[in-house]
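Reader: I am in my first year and still learning to read models of this kind. Could you take me slowly through a single part, the sheet, and then place that part in the chain?

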Amino acid sequence: MSDESMFQRVKARFPYWGFLLAKLMAGAAISSSVLAFINLFWKPVTPWFHINRDQFCWDLGYSTLVMVWFLFSYGLFYLAFWDQKYRCRTCLRPLVMPVESGSWSTMLQLGRPSVEYICAFGHGRLSVEELQFPGKVEPAWTQQGDIWTELFALSDAAKSGSDHNPDGRH
Ligand SMILES: [Zn+2]
């Protein structure tokens, strides 16, 4: 039973982590292509995923370009993770409507300051702490049912109810 629910949970999260993996692979492809392009202009011929060791630290132009490339690659991977944090865990759409909640002066009533984001399709909400004292605080994701399905189910029930009512009165 618990194994099955565990499996369900992993299966539900699969698109989310698969998307991150796809972004990281795309980042690696872009990054290695840029490095290969830089390597084209310096001898000797360098294989893919390799820095030209005969030029790095010896040729100023090459070394500068490789350092810029390194920062660029780092930025790409950082962006992939940053973007992932602010996406819906169910439908992968970017989260919207940041709302600040809590305050330091009324911490006991309202809690610590955090920013809450929601999925426009009502899959859940993400609470990101403003200050991260104990190192890194993972943003808290709260899963919600699909509000639109629930809403339509309600309106369908109301409609079928009103269809039946006139019959009942006659
Ligand atoms: Zn969603």
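Reader: Among contacts in the chain between residues at least 6 apart in sequence, what percentage join residues at least 24 apart? Please look closely at the sheet as well.

Author: This is a predicted model, in which local features need pLDDT of at least 70 and side-chain atom pairs count only at pLDDT 80 or more, while totals for chains, interfaces and linings use all residues. Residues are numbered from 1 along each chain as its sequence is written.

To your question: 37% of the contacts between residues at least 6 apart join residues at least 24 apart, where a contact means that two C-beta atoms, placed from the backbone, lie within 7 Å.

Now the sheet. It is an open sheet of 4 strands in the order β1-β2-β3-β4, with antiparallel pairing; strands are DSSP runs of E with at least two residues, numbered from the N terminus, and two of them pair if DSSP finds at least two bridges between them. The edge strands, each pairing on one side only, are β1 (96-101) and β4 (140-143). Neighbouring strands of this sheet are turned against each other by 20° on average, direction ignored, with axes fitted as lines to C-alpha atoms and angles running from 0 to 180 degrees between N-to-C directions. β1 is joined to the antiparallel strand β2 (residues 114-118) by 4 bridges, and Val-99 stands opposite Glu-116 in β2.

In the chain, which has 4 helices and 4 strands, helices being DSSP runs of H or I with at least four residues, the pattern along the sequence is α-α-β-α-β-β-β-α. The C-alpha atoms of the chain fill a box of roughly 95 × 45 × 35 Å, taken along the principal axes.
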